[in-house]
Amino acid sequence: MPPIEPERFQSLQSWEDNLALCDAVAPLGLMRFASIDVLAYMRTSGTDRPGIEYLAGNHTIAERMYRHEPAAMLYAPLRLLIHADDDGQGVLVIDQPSTLFDSLGDSAEVAAVGRELDGKVAAVLSAMGVDVPPVLKESLPIHSV
């Protein structure tokens, strides 16, 4: 997931330009909006477990939910956490997007975008060589599994 370049997107003159730039810079559909080094804030507690939290998403996808249910922004961008387990191995944790967005009510449009995001998360994991959880595999195109 490439980092988003806010100034680049904010300087565009049309939504069509936003859509085109997203397609060009984020071929898997997701970008990194921010990262937080968890350990940097907890170091003085004696905790030494590394962890980085990421905010990842795509504002052009989020807009498709926002227009129907502004509360979708509670979960967009998505939050991912990569931390070390007790053996020092990396662990990636993320809430399933469709579950988050389904919790907002009965908007079919929001629910459909949530399922689409399941597939985008699965595609990113697959591209990283990470085992895709079965619940997300059903969201991938057959050739990507």
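The legends below walk through several close-up views of this predicted model.

**View 1. Four strands line up in an open sheet.** The order across the sheet is E1-E2-E3-E4, and the strands pair in antiparallel fashion. At the edges sit E1 and E4, each of which pairs on one side only. Follow the sheet from one strand to the next and you will find a twist that averages 20 degrees.

**View 2. Here strand E3 meets strand E4.** E3 covers residues 78-84 and E4 covers residues 90-94; the two run antiparallel and are joined by five bridges. Look for Ala84, whose bridge partner in E4 is Gly90. Further along the pair, Ile82 stands opposite Leu92 of E4. Between the two strands of this hairpin lie five residues, and Gly88 has a positive phi near 85 degrees. As a general guide for reading such a view, side chains in a regular strand alternate between the two faces of the sheet.

**View 3. Ser35 is the residue to find in strand E1.** The strand spans residues 31-37. Is Ser35 buried, partly exposed or exposed? Its relative accessibility is 48%, so Ser35 counts as partly exposed. Leaving aside residues up to four places away in sequence, Ser35 touches Ile52, Glu53 and Tyr54. Val110, by contrast, is 75 residues away along the chain, and its C-alpha atom is separated from that of Ser35 by 26 Å.

**View 4. The largest nonpolar core brings together 17 residues.** Met65, Phe101, Leu117, Val121 and Leu136 are the ones with the most contacts inside this core. Two elements give two or more residues to the core: helix H4 (59-66) and helix H6 (108-127). H6 gives the most, with seven residues. Apart from this core lies another, made of six residues, including Ile4, Phe9, Ala26 and Met31.

**View 5. Val121 and its contacts take centre stage here.** Which residues does Val121 touch, not counting those up to four places away in sequence? They are Leu30, Leu78, Ile94, Pro97 and Leu136. Leu136 appears with Val121 in the list of residues with the most contacts inside the largest nonpolar core.

**View 6. Helix H4 is shown with the elements that cover its buried residues.** Those buried residues are Thr60, Ile61, Ala62 and Met65. Their cover includes helix H2 (15-25), helix H5 (97-102) and H6. A handy rule for looking at helices is that an α-helix has 3.6 residues a turn, so residues three or four places apart point the same way.

Terms used. Residues numbered from 1 in each chain as written. Predicted model: local features only at pLDDT ≥ 70, side-chain atom pairs only at ≥ 80, totals over all residues. Heavy atoms only, no water. Buried < 20%, exposed > 50% of the residue type's maximum accessible area, 1.4 Å probe, protein only. Contact = heavy atoms within 4.5 Å. Core = buried A, V, L, I, M, F, W, Y, C linked by side-chain atoms within 4.5 Å. Pairing = 2+ DSSP bridges. Axes fitted to C-alpha atoms, helices over the stretch in contact; angles between N-to-C directions.
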